[in-house]
Amino acid sequence: MLLHLSSSSSSTSLPSSTVLDPLFLYIDEHQNEFVQRLREWVAVKSDSNDHTLWGEIHKILNMTANRIQEMGGQVEFADIGTQKLSNGESVALPPVLLAQFERDPNKPTLCIYGHVDVQPAKKEDGWSTDPYSLTEINGNLYGRGATDNKGPVLAWLHALETYKASKQEVPVNLKFVIEGMEEVGSDGLDELTRQRNESFFSDVDYIVISDNVWVSKRPALTYGTRGSSYFFVEVEGPKLDLHSGVFGGSVHEPMTDVITLLGSLLDHTGKILVPGIYESVAPLTEEERKLYKDIHFDMEEMKNNIGVKSFLQDNKEEILMSRWRYPSLSIHGIEGAFSDPGSKTVIPRRVIGKFSLRQVPNMDPAVVERQVKEHLQEVFAKQKSPNNLKVMATVGAKPWVANLNNPEYIAGRKAVKVVFGVEPELIREGSTIPIANNFQEVTGKRVMMLPIGGHDDGEHSQNEKISRYNFIQGTKLFVAFFYELSKLQKDQ
Ligand SMILES: NCC(=O)N[C@@H](Cc1c[nH]cn1)C(=O)O
Ligand SMILES: [Zn+2]
Ligand SMILES: [Zn+2]
């Protein structure tokens, strides 16, 4: 058991307002500079889905490293190997940035994880503004990566800058793990974590991640995320695309096969039809059910925000549970399909259906992969198609859950109270932070999620944004979190 006595840091013996008020003032006074820095970061098209843009990931990682070095940190770009592209070519993955600052053995060590890659974005997808040009409208800062995850990563750096520029002792030792491949499953980071478990991670007391959003206008602490497996179902038929007038009706069409396969995965209620998929889902306990009751979630507002007439469930608790604690399957696209405007009359020779399956405690991605593959093979066999079927799975990220009684959650609650004047909502998250479970399992350190994004930020959507309020108050939250963490009596 590590002891971190509260008297170890001079600032922690003072009333919190004496320490924090000048820091909050610094943040308010420098907010335009902080927003300008976010503008520079959003301008970097660091889309990890497109390997031709990985140079942009190197660029944003360098910008992050420079900022850390300017504040006195030491940085290392850790090699995480290569990735095989679909054409068989191997390409070097962008490195992971590991950073640390001078260590005081009397202070707890906090490791901050974040990512600086983004989902794809094009103006023609329906954005109202250029996705790579941060645009402020009515207090909202629109741009790809504004909330997922460049804004929060910058907010951590700005929190550190605030202590340094205000000549106040930073009350915790800080380490950073910043990656550029999160949006495609954090390839290589699990292995790096194992390799550095006895070195970089050995003196870490807490790991914190801010890569998700609140569920209402109230601030939140997150104690769980879903896992994910991404599937590619490929059907290849004739050696060339064919004229549908000439061959239609006489050949087994790959597109028909793929649509039948995709259609076999779930029904209109959202129920996944893959046999066995619900078998290991953790049962709902009374204690957990109670947590859902108190959460503020406005169904009608959310319907308006995303433009839907109804949800698959009709009450708050069931909607949130279906997003957070039950598995879901989403179909994302069909590669090789004719998706351009016009009315081409061609039978595509090869198509790839893409879907992902979000997993919850106690599901295991390896078991899910086997269940999905067996199901698809069985359905395909019934089609009696002479075409070739291949099913591939990627990502394989496990779900993550934390204990809300862990000390960093106590520090998180206090920090929220100081900055926002309310108790945080205790929430889970439907999306996946691929490395979260791994950090917890491999390093044995406690992981916590401390989101600053708003419930209507639109991660992965058109018009993604973070509000200036959340970006700036979020920076204060991180400043207060450092302080509250340093006040914890001991590492339990
Ligand atoms: N902000 C977290 C996030 O968006 N994570 C991605 C990670 C992922 C899962 N499968 C591929 N990437 C998400 O889609 O949940
Ligand atoms: Zn993210
Ligand atoms: Zn994301």
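In which loop does Asn463 lie? In this predicted model, Asn463 belongs to the loop that runs between β19 (446-449) and β20. The phi angle of Asn463 is near 60°, which is a positive value in a residue other than glycine. Asn463 has 20 other C-beta atoms within 10 Å, and because a residue is buried if 20 or more lie within that distance, Asn463 is counted as buried.

A positive phi is also found at Ser186, where the angle is near 60° although the residue is not glycine. Ser186 is placed in the loop between β8 (173-179) and α5 (189-195), and it is buried because 27 C-beta neighbours lie inside 10 Å. Most residues other than glycine have a negative phi, and most peptide bonds are trans.

Two cis peptide bonds can be described beside these backbone angles. One of them joins Asp148 and Asn149, with omega at about 10°, and Asn149 is found in the loop between β7 and α4 (150-165). The other joins Pro361 and Asn362, with omega at about 0°, and Asn362 has its place in the loop between β15 (350-359) and α11 (365-383).

Strand β20, which follows the loop of Asn463, takes part in an open sheet of three strands, whose order is β6-β7-β20 and whose pairing is antiparallel. The edges of this sheet are formed by β6 (135-137) and β20 (465-467), each of which pairs on one side only. On average, neighbouring strands of the sheet are turned by 25° against each other, when direction is ignored. Between β7 (residues 140-142) and β20, the antiparallel pairing extends over three bridges, and Leu141 stands opposite Ile466 of β20.

A second open sheet is made of four strands in the order β13-β15-β11-β16, again with antiparallel pairing. Its edges are occupied by β13 (328-335) and β16 (388-397); each of these has a single partner strand, so one side of each is left without a neighbour in the sheet. Neighbouring strands here are turned by 20° against each other on average, with direction ignored. Strands β11 (residues 227-236) and β15 pair in the antiparallel sense over 10 bridges, and within the sheet Glu234 stands opposite Ile352, a residue of β15. Helix α7 (residues 254-263) packs on this sheet, where it touches β11, β13 and β15, and the direction of the helix makes about 10° with that of β15.

The surroundings of ligand 1 comprise 15 residues, of which Asp211, Ser228, Val395, Ser431 and Thr432 come nearest. By character, the residues of this shell divide into five nonpolar, five polar and five charged.

For the protein chain as a whole, the model contains 14 helices and 20 strands. The radius of gyration of the chain is 24 Å, which is close to the 23 Å given by the globule rule for 492 residues, so the chain is as compact as a globular protein of that length. Along its principal axes, the C-alpha trace spans about 80 × 50 × 45 Å. Buried residues account for 45% of the 492 residues. Among the contacts between residues at least 6 apart in sequence, 81% join residues that are at least 24 apart.

Note on methods
Residues numbered from 1 in each chain as written. Chains lettered and ligands numbered in written order. Predicted model: local features only at pLDDT ≥ 70, side-chain atom pairs only at ≥ 80, totals over all residues. Pairing = 2+ DSSP bridges. Helix = DSSP H or I, 4+ residues; strand = E, 2+ residues; numbered from the N terminus. Axes fitted to C-alpha atoms, helices over the stretch in contact; angles between N-to-C directions. Near = placed C-beta within 6 Å. Nonpolar A, V, L, I, M, F, W, Y, C, P; charged D, E, K, R; others polar. Rg over C-alpha atoms; globule rule 2.2 N^0.38 Å. Buried ≥ 20, exposed ≤ 12 C-beta atoms within 10 Å, placed from the backbone. Contact = placed C-beta atoms within 7 Å.
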